[in-house]
Amino acid sequence: MKYFLGIELTVSQLKIAAFKKDNKGFKVHRFDKLTYSGDSQKTREELLAWKKSNLPGDVEAEAVISIAESTLFLKELTLPKLSKSQITEGVRWELAGLTPFPKNDMVFDWKELEKVDKKTNVLAFCARESAIDEIVKIFEEIGIKILAVEPSTLSFERIASADFSAVTLLMTVEHEETNLLVLKKGMPVFTTSISTPIYGQKSGKRRLNKAVIDDLAGQAYKTIEFWQAKNKDKVSQAIITGEIAQKYYGLAAAVNAVAKIPSLMASKKKLEGVSFSKEANAMQ
């Protein structure tokens, strides 16, 4: 039996979805969250303890890590129609003069957005190579092979039940921050983050009121307006997801009211060969 992990790295957490594969397909084994402080040694120790507690000692484990777009440099580029290898080289030269990362400490990839006349529009995403290597090293030192590291949005697009052909505002509502991303064909072309405004009660429980929802909806509208002022494409829908998004009853309606676009809470698509346990849909 083999285990496959989906790892999401956020500001302060490592979220782990562990699946085990048998001859019938993939089954959920664990959903877990570990704290992430940025301290490599501490993270390694926590992950090792988690692995020893939750995976058999001699099992093979492979993982894909998704990372926040706020740690990446994103850029739409227009290039002549070229082969894939030529586009890769062209993107490399374009990024060299644009990215905030040193040329000798840069890793990148690109995805095609569209072909127009004799040109190809691509989305390039770039990260600091040393930072990616450090994350990968933590996992591989404890026996978890990393197959890929990718922007969180690309992971989300594969499992969300939504049509991403339209330009989309994606709101990811987490405990510490809310990420607002503009997607074209499911790929992130713009990102910004704000603190998630939540008011605490004396009991320690969290509560949300209309002022909080209106604040988030207003920030969503400002993000749309800012992006549209610089781009010819119009945002035509909003999708809301994230760990505590389900607590924001009325948020989708509030975004719809100010932005005048269809707004909905994200849901999971049916994945062939994958069976989920009874955890809440928001957790899944």
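**Strand pairing, packing and salt bridges in the predicted model**

Leu9 has Ile67 as its bridge partner in β4. This pair belongs to the predicted model described here, in which strand β1 (residues 2–9) and β4 run parallel to each other and are joined over eight bridges. On a further pairing, β4 is linked to strand β8 (residues 145–151), again in the parallel sense, over six bridges. Within that second pairing, Ser66 is matched with Glu150 of β8. Strand β4 itself spans residues 60–67, and six of its eight residues are buried, so the strand is largely enclosed by the rest of the structure.

Glu150 also takes part in a side-chain interaction, since the side chains of Glu150 and Arg158 meet in a salt bridge with an N to O distance of 2.7 Å. The two partners differ in exposure class: Glu150 counts as buried because its relative accessibility is 12%, under the 20% limit, whereas Arg158, at 45%, counts as partly exposed. In addition, Lys2, Glu60 and Glu62 are joined into one network by salt bridges that share partners.

Across the whole structure, the search returns twelve salt bridges. Side chains of opposite charge can pair when their charged atoms come close. One of the pairs found is formed by Glu89 and Arg92, with an N to O distance of 3.5 Å. Both residues lie in helix α2 (residues 84–96), where a spacing of three residues corresponds to about one turn of the helix. Glu89 is partly exposed at 36% relative accessibility, and Arg92 is likewise assigned as partly exposed, at 37%. Another salt bridge connects the side chains of Glu141 and Lys137, at 3.9 Å from N to O. Glu141 has a relative accessible area of 44% and is partly exposed; Lys137 is also partly exposed, with a value of 49%.

A separate group of three strands forms an open sheet, with antiparallel pairing and the strand order β5-β7-β6. The edges of this sheet are occupied by β5 (73–80) and β6 (106–116), each of which pairs on one side only. On average, neighbouring strands of the sheet are turned by 25° against each other, direction ignored. Strand β7 (residues 119–128) is joined to β6 by ten bridges, and the two run antiparallel. Among these matched positions, Lys115 has Thr120 as its bridge partner in β7. Helix α3 (residues 129–140) packs on this sheet and touches both β6 and β7, its direction making about 65° with that of β7. In a regular strand the side chains alternate between the two faces of the sheet.

Gln13 is located in strand β2, which covers residues 13–22. With a relative accessible area of 17%, Gln13 is classed as buried because the value is under 20%. Beyond its neighbours up to four places away in sequence, Gln13 touches Glu8, Lys33, Leu34, Thr35, Tyr36 and Glu243.

Ser161, by comparison, is placed in the loop between α4 (152–159) and β9 (168–173). Ser161 is partly exposed, with a relative accessibility of 38%. When residues up to four places away in sequence are not counted, Ser161 touches Ser267, Lys268 and Lys269. A C-alpha separation of 27 Å is found between Ser161 and Ser12, which are 149 residues apart along the chain.

Backbone geometry was also examined. Most residues other than glycine have a negative phi, and most peptide bonds are trans. Lys185 has a positive phi of about 55° although it is not a glycine. This residue lies in the loop between β10 (177–184) and β11 (187–195), and Lys185 is partly exposed, with a relative accessible area of 46%. A positive phi, of about 60°, is found for Lys260 as well, again a residue that is not a glycine. Lys260 is situated in the loop between α6 (251–259) and β15 (263–265). Lys260 counts as exposed because its relative accessibility of 67% is over the 50% limit.

Note on methods: Residues are numbered from 1 along each chain as its sequence is written. This is a predicted model: local features need pLDDT of at least 70, side-chain atom pairs count only at pLDDT 80 or more; totals for chains, interfaces and linings use all residues. Side-chain values use heavy atoms; hydrogens and water are left out. Helices (H or I, at least four residues) and strands (E, at least two) are DSSP runs, numbered from the N terminus. Buried means under 20% relative accessible area, exposed over 50%, partly exposed in between (1.4 Å probe, protein chains only). Contact means heavy atoms within 4.5 Å. Two strands pair if DSSP finds at least two bridges between them. Axes are lines fitted to C-alpha atoms, for helices over the stretch in contact, and angles run from 0 to 180 degrees between N-to-C directions. A salt bridge is a side-chain nitrogen of Lys or Arg within 4 Å of a carboxyl oxygen of Asp or Glu.
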